[in-house]
Structure formats: C-alpha cells, structure tokens
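Thank you all for coming. I would like to take a few minutes to walk through one model, and I will try to be careful about what can be read from it.

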Amino acid sequence: MPDLLIRDISANLRAELKKRAGSHNRSLSDEAKLLIQKGLSAASVEAATPRENPFDAIRRSFSDAHLTDQQQQIFDEALKENRTDQGTDFDWQK
C-alpha cells in the first residue's frame, strides 16, 4: 500500500491530532487518514450541491415581507426583468 509523508507540520497541529487520535482510540496515522477522507468526502458533497442563484436568494429574502400590492408588483417586475436577462423566466408563486 502506498505511503504519504506530510512534512513541516506545526507542533501544535501534531499535538492536536495526537490528542484527537487518543480520544478516539486510534493511531495518529489512522486519525489522519480518517480526517483526510472526511475532508475529501465533504468537498465532493459540497461540489455536487447546487448553489442558490441570486434571484432565488432575493425572492427567499423577501418571502415574509409585507409589501403593498404596488410594492409587490414593482418587486415582481424587477425580478422578472433580471431573470429574463439571464434567459430563465420564473413563476413568483412557486
């Protein structure tokens, strides 16, 4: 099995890793491998998670706002114009 050597880590980082490994009854190496695996898994999940686009964020931010009919109409038109500029229309009532 291949090896990985990590050079020049701080004494504090090594001590923290050793303490963590001890509290989980694992070797320093096993704890480091587990943390690397968790980090890689989290990164792949984050990359696969779709991010909210700005227009949906604006809509969500104002979802509980108590706007007058006129304010709501202005807001809807402004969002629709911006959304149309990006080539995707939307239904405000979603």
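Let me begin with the largest pocket in this predicted model, for which the computed volume is about 580 Å³. Its lining is made up of 18 residues, and those closest to the centre of the pocket are Ile 6, Ser 29, Ala 32, Lys 33 and Ile 36. If we ask which elements give two or more residues to that lining, they are α1 and α2, and the largest share, 6 residues, comes from α2.

With the pocket in view, let me step back to the chain as a whole. There are 4 helices and 0 strands, so that, in the sense of the DSSP runs used here, the order of elements from the N terminus on is α-α-α-α. The chain has 94 residues, and buried residues make up 11% of them.

Now to the helix that joins α2 in lining the pocket, namely α1. Helix α1 covers residues 11-23, and its 13 residues should span 18 Å at 1.5 Å a residue; the C-alpha atoms at its ends are indeed 18 Å apart, so the expected and the modelled span agree.

On either side of this helix there is a backbone feature that I would ask you to look at. As a reminder, most residues other than glycine have a negative phi. Asp 8, however, has a phi near 55°, which is a positive value in a residue other than glycine. Asp 8 is found in the segment before α1, and with a relative accessible area of 79% this residue is exposed, because the cut-off for that class is over 50%. Just after α1 we meet Asn 25, with a positive phi of about 55°, and Asn 25 is likewise not a glycine. Asn 25 belongs to the loop between α1 and α2, and its relative accessible area of 74% places it among the exposed residues.

I turn next to the charged side chains. How many salt bridges does a search of the whole structure find? The search finds 3, and I will take them in turn, bearing in mind that side chains of opposite charge can pair when their charged atoms come close.

One of them joins Glu 31 and Arg 20, where the closest N and O atoms are 2.8 Å apart. Since Glu 31 lies in helix α2 and Arg 20 in helix α1, this pair ties together parts that are 11 residues apart in sequence. Glu 31 also meets the side chain of Arg 26 in a salt bridge, at 2.7 Å from N to O. Arg 20, Arg 26 and Glu 31 are therefore, by the 4 Å criterion for a salt bridge, linked in a network.

Is the acidic residue of this network, Glu 31, buried or exposed? Glu 31 is buried, with a relative accessible area of 0%, whereas Arg 20 counts as partly exposed at 35% and Arg 26 counts as partly exposed at 32%.

The remaining pair to describe is that of Lys 33 with Asp 30, whose closest N and O atoms are 3.3 Å apart. Both residues lie in helix α2, 3 residues apart, which is about one turn of the helix. Asp 30 is partly exposed, with a relative accessible area of 35%, and Lys 33, as you will recall, is among the residues closest to the centre of the largest pocket.

From charge, let me move to the nonpolar surface. Leu 4, Ile 6, Ile 9, Leu 13, Ile 36 and Leu 40 form a nonpolar patch there, with about 580 Å² of accessible area together. Within this patch, Leu 40 is found in helix α2, which covers residues 28-48, and Leu 40 is exposed, with a relative accessible area of 54%. Two members of the patch, Ile 6 and Ile 36, are also among the residues closest to the centre of the largest pocket.

Finally, a word on a part of the chain that I have not yet touched. Lys 80 has its place in helix α4, residues 69-85, and is partly exposed, with a relative accessible area of 37%. Lys 80 and Phe 55 are 25 residues apart along the chain, and their C-alpha atoms are separated by 9.2 Å.

Note on methods
Residues are numbered from 1 along each chain as its sequence is written. This is a predicted model: local features need pLDDT of at least 70, side-chain atom pairs count only at pLDDT 80 or more; totals for chains, interfaces and linings use all residues. Side-chain values use heavy atoms; hydrogens and water are left out. Patches are made of residues with over 30% relative accessible area and no salt bridge: like charges are joined within 9 Å, nonpolar side chains (Val, Leu, Ile, Met, Phe, Trp, Tyr) within 5 Å. Accessible areas come from the Shrake-Rupley method with a 1.4 Å probe; for residues, only the protein chains shown count as cover. Buried means under 20% relative accessible area, exposed over 50%, partly exposed in between (1.4 Å probe, protein chains only). The expected span of a helix is 1.5 Å times one less than its number of residues. On a 1 Å grid over the protein atoms alone, a cavity is a set of points where a 1.4 Å probe fits but cannot get out, and a pocket is an open set with protein on both sides within 12 Å along at least five of seven lines; lining residues have an atom within 4 Å of a point. Grid points are joined across faces, edges and corners, and a volume is the space filled by probe spheres set on the points.
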